[in-house]
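Here is a short report on a two-chain model. Look at the structure first, then read on.

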Amino acid sequence: MSASAPEPLLRVVDLQTWYPIRAGLMRRTVGWVQAATDVSLELQAGRTLALVGESGCGKSTVGRSILCLERPQRGEIFFEGRDLLKQSRAGLREARRHLQIVFQDPMASLDPRMRIGDQIAEGVRSFGIVETEREQRIRIGEMLERVQLDPKSMDRYPHEFSGGQRQRICIARALAVDPKLIVCDESVSALDVSIQAQILNLLLDLQQELGLAYLFITHDLSVVRHLAHEVAVMYLGRIVEQGPTERLFEHPAHPYTRSLLAAIPSIDPARRGSAPPVRGDVPSPSHPPEGCHFHPRCPEVMDRCRRERPELYPVEQGCSRCFLSEPGRSD
Amino acid sequence: MSALLEVDGLRTCFPSSAGALPVVDDVSFSLGRGETLALVGESGSGKSITALSLLRLVPKPGRVTAGAVRLDGRDLLPLSVGEIRRVRGRRIAMIFQEPMTCLNPVLRVGDQVIEAIRLHERVSVSEARERTRTLFVEVGIPDPEERLSAYPHQLSGGLKQRVMIAMALSTRPEMLIADEPTTALDVTVQAQILELLRKLQRERDTAILLITHDLGIVNELADRVAVMYAGRLVEVAPREALFSDPLHPYTQGLLRSIPGLARPGERLPEIPGVVPPPDQWPTGCRFATRCPKRFDPCADIQPEEIEPARERRVWCHEVERMLAIEGAR
């Protein structure tokens, strides 16, 4: 490894996570939901990588696999240089300490019968970050302040907070164990726009102060443009395009990325109904189409796309899984 | 030309330990034939309860306590149960965010639409079936003949929403209430459904009352926009005017807090705080607790409706003050 390219904080290599479809008395495997295939990602410390796509594209499966909440069939996941998939139970606990996740629905990830302070304290206690009860309360208070909640509210229960405040509690809980990377799985998608802006600002502030890296999993491209340094677009389990945010939004290489960008409703009064929407629905990941997975919906489909599967070809800043981006093409 | 629908001083209350809470309070707007009016607001703004109030579908113990809802000049609120049922579905149809809550999971979708048609009109099964097939073609369902005998779970979210729209249109209503019709859909499918609604409106001249929290969808579909906050209207304006020159500080804050406009990586201009719960609404302007332009009268005195321009209405002391200064010049 050269000095100019340090080992990234997170490096995912050829990840494959498929779920078996079982049927019959013997629960035999009759097929596979191909949730994520050949996914490779890199994320440097202090940066934000957005993983975007529509439902069923496998973005959440990738996020969960990185946290070892799913068992991938293949691939490597290096976090701080250690392969998480090769760790023992105890090793994984330690290796994963600096890796946290914040989900979409805070009410589902908070225990309704537990004071929020105790929930934030769980990780702190289990990693022995504090020794005494008093230190623990100070630590919880600091975390609540960091997410702009009143430290005095640590003895209250989740239902006493609004949706936005609950998401702050989940972020405080993630922060309490000094993470280096937070996987944000649709963390702002359920929030009203004025509250979403508050949480996005909080995430930006925390990144600046603490040098956090985010893997930001979302279907909302306007949020991506605002927050992410790099974007990976997924479709039916595979990355179809990847690159720096600015390039990807200004010069999308893959027809799917172009369709996705064109489909975002704009709030510019001069722009409406400009692009014809891409046809059809996302096919099932248990029966992905032959050839290029996007070909049944692609406005630029060629004969070849129906038979052959494109690889990820390098494009200017990034890569694209489309024959139109294949090296040596004249156009 | 008179409006198709006129809502006048609508008030809907829910009982609480602190007395009746008006979660919809003094809401007035009109909807012309073939027009799309968007009712926008965040959760708790009362936009959905407003829509349900129009058809007298407010869940108990809520109750419409004041106002009038006139369809072609006839008030719907005093109608008998039998009479309002003939309006629902037939003259005003409704589509919801989650089609699965409206489709019966154990019946074929074709039969459900046929049943809806035969509920309102005396036609034979074969005629209703033929009409359903035509509707399926019109709303862009591929292989319509095959889909008629499909069960809801065999259809994707986008197709289910198309079935819902077909069912809503089956009685040729003059007005469609669409409550977050695309919120549960993926963005590429959402674009298809928005396109479909636009096409149907062009061809059928149906009026649409669009309930949504998404200002992007408002811009895509609406002719006029009514912004709600904490149970009250704060601003009503034509689409272009609202997006290019919003007057109410809440509308301004909402538009600014959408990530699309800010420079990437910079902090977004946020509206501080949260929408207060109904029992803590200020006695004056309900936005007063979060408003950056708040001054003396805002917390105590409710702002009156003012018309700063043709077709524009706004409820704000600050706008009123600025207009007074301009007028004095």
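Just after helix α1 of chain B, B:R56 takes a positive phi of about 55°. The model is a predicted one. Helix α1(B) itself covers residues 47-54, and 8 of its 8 residues are buried, so the helix is largely enclosed by the rest of the structure. The buried residues of α1(B) are B:K47, B:S48, B:I49, B:T50, B:A51, B:L52, B:S53 and B:L54. The list includes B:K47 as well as B:I49.

**The two chains as wholes**

The table sets out overall values for each chain.

| Chain | Helices and strands | Box along principal axes | Buried residues |
|---|---|---|---|
| Chain A | 10 helices, 12 strands | roughly 70 × 55 × 55 Å | 45% of 331 residues |
| Chain B | 11 helices, 12 strands | about 70 × 50 × 45 Å | 44% of 329 residues |

Chain A has 10 helices and 12 strands. Its radius of gyration is 21 Å, close to the 20 Å that the globule rule gives for 331 residues, so chain A is as compact as a globular protein of that length. For chain B, a compact globule of 329 residues would have a radius of gyration near 20 Å, and the value of 21 Å agrees.

Contacts between residues far apart in sequence are counted too. In chain A, take the contacts with a separation of 6 or more: 63% of them involve residues 24 or more positions apart. In chain B, 61% of the contacts between residues at least 6 apart join residues at least 24 apart.

**The sheet of chain A**

Chain A holds an open sheet of 8 strands with mixed pairing, in the order β6-β7-β8-β3-β9-β10-β12-β11. The edge strands are β6(A) and β11(A), the latter at residues 313-314, and each pairs on one side only.

Start at the β6(A) edge. β6(A) spans residues 99-102 and pairs in the parallel sense with β7(A), residues 181-185, over 4 bridges. A:V102 has A:C184 in β7(A) as its bridge partner. Next, β7(A) pairs in the parallel sense with β8(A), residues 213-218, over 5 bridges. Here A:D185 stands opposite A:I217 in β8(A).

A helix packs on this sheet. Helix α1(A), residues 59-66, touches β3(A) (48-52), β7(A), β8(A) and β9(A) (230-235). The direction of α1(A) makes about 145° with that of β8(A).

Which way do the side chains of β6(A) point? In a regular strand, side chains alternate between the two faces of the sheet. A:L99 and A:I101 point one way, and A:Q100 and A:V102 the other way. All four are buried.

**The sheet of chain B**

Chain B also has an open sheet of 8 strands, in the order β6-β7-β8-β3-β9-β10-β12-β11 and with mixed pairing. β6(B) (92-95) and β11(B) (305-309) stand at the edges, each with a single partner strand, so one side of each is left without a neighbour in the sheet. Neighbouring strands are turned by 20° against each other on average, direction ignored.

At one edge, β6(B) and β7(B), residues 175-179, pair in the parallel sense over 4 bridges. B:I95 stands opposite B:A178 in β7(B). At the β11(B) edge, helix α11(B), residues 317-328, lies across β11(B) and β12(B) (312-315). Helix α11(B) runs at about 50° to β11(B).

**Core and interface**

In soluble globular proteins, nonpolar side chains tend to be buried together. The largest nonpolar core here has 179 residues. Those with the most contacts inside it are A:L215, A:F216, A:V233, B:L39 and B:L209.

What does A:V233 contact, leaving aside its neighbours within four places in sequence? Its contacts are A:V52, A:G53, A:I239, A:V240, A:E241, A:H254, A:Y256, A:T257 and A:L260.

Where the chains meet, the contact takes 33 residues from chain A and 38 residues from chain B. On the chain A side, α7(A) (193-210), α8(A) (221-227) and α10(A) (255-263) each supply at least two residues. The largest share comes from α7(A), with 8 residues. By class, the chain A side has 15 nonpolar, 13 polar and 5 charged residues.

Note on methods:
Residues numbered from 1 in each chain as written. Chains lettered and ligands numbered in written order. Predicted model: local features only at pLDDT ≥ 70, side-chain atom pairs only at ≥ 80, totals over all residues. Pairing = 2+ DSSP bridges. Axes fitted to C-alpha atoms, helices over the stretch in contact; angles between N-to-C directions. Contact = placed C-beta atoms within 7 Å. Nonpolar A, V, L, I, M, F, W, Y, C, P; charged D, E, K, R; others polar. Rg over C-alpha atoms; globule rule 2.2 N^0.38 Å. Buried ≥ 20, exposed ≤ 12 C-beta atoms within 10 Å, placed from the backbone. Core = buried A, V, L, I, M, F, W, Y, C linked by C-beta atoms within 7 Å.
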